Amino acid sequence: FSLFYCFPRGSLFLFCVGCESHNVYVDLFVQSTRFFTELFYLREIVFVIQSQSNSFHVKQAQRQRADLLKQAHSLTNPPVVLLLHSLSDNEGDWSILPLLPHLSHSFEKNSSWIVFLEEETNVNIVTLLHVLVKFNKSKEWFLGKPLHDEESTIIHHYAFAKNPSSFKYPDFAAAWALSLPLVVRLANKVRNEPLKSDFTIDLKHEIALYIWDNGKGPHLTAVPQLCTEPKDSPIARHCATTLSKEPPVCGVPVKKEDLFVAVKTCRKFHSERVPVIKKTWEKDALFLEYYSDHTDPSIPTINLGVPNTERGHCGKTFAILQRFLSSAVPNTKWLVIVDDDTLISLPRLRVLLSCYDPSEPVCLGERYGYGLSQGGYSYITGGGGMVFSREAVVQILNSGCKCYSNDAPDDMVLGMCLNSLRLPITHSPLFHQARPEDYATDLLAHQVPISFHKHWNIDPVGVFNKWLRDDSRTKTLDERHKRSEL
């Protein structure tokens with residue numbers, strides 16, 4: 001039999017030649033109507049790729065947008081695909097909530113859903129449409145793959161301490177969606193009520209809290225088809241979203257000799273924390289120095305002439321930046337600044353850095369925010385490690401930016417400096433300010449982490465061995481490069 005579709009003035013007519021059974025015809029008509037309903041429904045979806053302004057991430061986002069539009073090429077009006085970093089000059093856009101009034105104003109009349117994607121999220125548009133058409137688009141919906149805390153955690157301000165697993169928040173890597181009625185209401189709330197929290201720490205949890213609004217708003221609705229399974233996994237066949245099996249590999253890992261590592265420590269932790277570094281990741285650094293308030297030749301440590309402070313360490317960090325550009329240390333392309341209780345995989349970091357151009361002012365780590373809804377700034381939280389290209393360090397010091405006191409919070413002062421210079425902070429979720437126990441199990445399951453922070457109530461050597469020791473991927477890439485040079 002043959003099928004013919006006709007669209008006179010927007011109507012749908014179906015002709016079935018060779019359909020002997022009325023039931024076959026009806027079944028084909030229902031399937032065809034559903035197909036075209038979903039096809040037209042795609043026009044009502046706005047995709048927002050949570051992109052970043054660094055050149056590598058712009059390319060990643062553009063590639064993803066091209067894939068979405070290619071999948072939708074048969075539509076006369078393809079869906080809107082936005083790159084978040086290009087929507088405005090507002091530094092706080094990445095925290096989503098300040099962006100909601102713009103999305104509400106632009107898409108309230110003609111759209112039904114805002115779907116947020118990370119750069120590495122793979123989307124099957126047909127499967128996603130099958131999912132979204134099941135929900136009444138005139139109601140408030142908050143859709144995603146749910147994560148939950150197994151114990152109360154500092155990164156969530158110990159919320160729901162009596163029952164941490166009761167509150168669900170979305171895994172951004174699986175994509176998440178808001179219906180337009182919810183976007184409109186939230187946008188009005190953002191316009192009329194100042195955001196209460198000064199700090200943006202774990203965005204996905206904070207957005208879920210804001211939407212839930214102490215029970216006044218919707219909970220996250222779990223959607224099984226929003227997945228973080230590898231794209232080629234057999235169990236991903238039902239998924240509308242998937243991830244790649246490995247983080248992007250952009251080329252040969254950065255050479256050991258291109259990395260300089262600065263460890264901030266102090267006398268009271270020489271015997272407690274420094275031995276952990278020596279037992280775990282120190283061997284992976286070719287150039288590494290320990291900076292302390294006391295010179296200890298057995299480690300050895302270097303006294304930069306900055307008195308130790310209980311918190312902040314801004315004076316010490318800026319002294320490290322100045323030393324990095326001096327002739328006292330090797331001339332390297334990258335500077336890594338860590339605390340003495342940071343656990344880090346330098347081989348994995350070298351793979352990640354292959355994606356970035358050191359001639360650009362790159363500032364990389366886990367991004368936090370301060371006062372983003374009131375014209376504040378982003379900063380790299382120091383405990384997970386701060387990575388700077390040489391060009392970034394040059395621009396920071398040439399700007400004349402300084403600490404207002406030795407014990408000022410170094411990461412936040414650097415954030416203010418970078419904001420004034422309009423240098424972007426590049427976020428990587430592979431850096432972690434806290435311990436593995438402080439993150440959802442399902443989140444870590446699809447990550448290849450680069451760092452964790454804090455030794456509190458854990459065996460730090462055991463944590464390193466479990467989460468960060470595997471460097472076979474780097475060795476394979478290095479060996480491949482050596483063979484290609486022969």
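This is a short tour of a predicted model, with a selection to make at each stop and a note on what is there.

**Stop 1: a surface histidine**

Start by selecting residues 100-107, which form helix α3, and pick out H105 within that helix. Is H105 buried or exposed? With a relative accessibility of 68%, H105 counts as exposed, because the bar for that word is over 50%. Now add A187 to the selection. Along the sequence H105 and A187 are 82 residues apart, while their C-alpha atoms are 8.8 Å apart in space.

**Stop 2: the disulfides**

Next, display the cysteine side chains. How many disulfides does a search of the whole structure find? The search finds four. Three of the pairs are visited below.

Begin with C227 and C239, whose sulfur atoms are 2.1 Å apart in a disulfide. C227 sits in strand β13 (residues 226-230) and C239 in the loop between β13 and β14 (241-243), so this bond ties together parts that are 12 residues apart in sequence. Look along the S-S bond: its torsion is about -90°, so the disulfide of C227 and C239 is left-handed. Both C227 and C239 are buried.

Move on to C250 and C355, another disulfide, with 2.0 Å between the sulfur atoms. C250 is in the loop between β14 and β15 (259-264), and C355 is in the loop between α9 (346-353) and β20 (363-365), so the pair ties together parts that are 105 residues apart in sequence. Here the torsion about the S-S bond is about 85°, so the disulfide of C250 and C355 is right-handed. Switch on a surface to see how the two ends sit: C250 counts as partly exposed at 35% relative accessibility, whereas C355 is buried at 9%.

Now select C314 and C403, which form a disulfide with their sulfur atoms 2.1 Å apart. C314 belongs to helix α8 (residues 314-324) and C403 to the loop between α10 (390-398) and α11 (410-421), so the bond ties together parts that are 89 residues apart in sequence. With an S-S torsion of about -85°, the disulfide of C314 and C403 is left-handed. C314 is buried, with a relative accessible area of 0%, while C403 is partly exposed, at 22%.

Before you leave the cysteines, click on two more. C266 counts as buried at 6% relative accessibility, and C363 is buried at 0%.

**Stop 3: the nonpolar core**

In soluble globular proteins, nonpolar side chains tend to be buried together. To see this model's largest nonpolar core, which has 82 residues, select L103, W281 and L349, the residues with the most contacts inside it. Then color helix α5 (residues 180-192), which gives the most to this core, with seven residues. Color the two domains as well: the core draws at least three residues from each of domain 1 (37-243) and domain 2 (256-470).

**Stop 4: an enclosed space**

The model has five cavities of 30 Å³ or more. Our stop is the second largest, which holds about 50 Å³ of space. Which residues line the second largest cavity? Select V115, L128, V131, L132, L143, A175, W176, A177, V223 and L226 to bring up the lining. By class, these residues are 10 nonpolar, no polar and no charged. The elements that give two or more residues to this lining are α4 (125-132) and β10 (176-179). Of the elements, α4 gives the most, with three residues.

**Stop 5: a pocket between the domains**

Finish at the second largest pocket, which has a volume of about 1300 Å³. Select D339, G383, Q433, H453 and K454, which lie nearest the pocket's centre among its 44 lining residues. Sorted by class, the lining has 13 nonpolar, 14 polar and 17 charged residues. The largest share of the lining, three residues, comes from α11. Where does the second largest pocket lie relative to domain 1 and domain 2? Keep the two domain colors on and zoom in: domain 1 (37-243) and domain 2 (256-470) both give residues to the lining, so the pocket lies between them.

Note on methods: Residues are numbered from 1 along each chain as its sequence is written. This is a predicted model: local features need pLDDT of at least 70, side-chain atom pairs count only at pLDDT 80 or more; totals for chains, interfaces and linings use all residues. Side-chain values use heavy atoms; hydrogens and water are left out. Helices (H or I, at least four residues) and strands (E, at least two) are DSSP runs, numbered from the N terminus. Buried means under 20% relative accessible area, exposed over 50%, partly exposed in between (1.4 Å probe, protein chains only). A disulfide is a pair of cysteine sulfur atoms within 2.5 Å. On a 1 Å grid over the protein atoms alone, a cavity is a set of points where a 1.4 Å probe fits but cannot get out, and a pocket is an open set with protein on both sides within 12 Å along at least five of seven lines; lining residues have an atom within 4 Å of a point. Grid points are joined across faces, edges and corners, and a volume is the space filled by probe spheres set on the points. Ala, Val, Leu, Ile, Met, Phe, Trp, Tyr, Cys and Pro count as nonpolar, Asp, Glu, Lys and Arg as charged, and the others, Gly among them, as polar. A nonpolar core is a set of buried Ala, Val, Leu, Ile, Met, Phe, Trp, Tyr and Cys residues joined through side-chain atoms within 4.5 Å. Domain bounds come from an automatic or database domain assignment.
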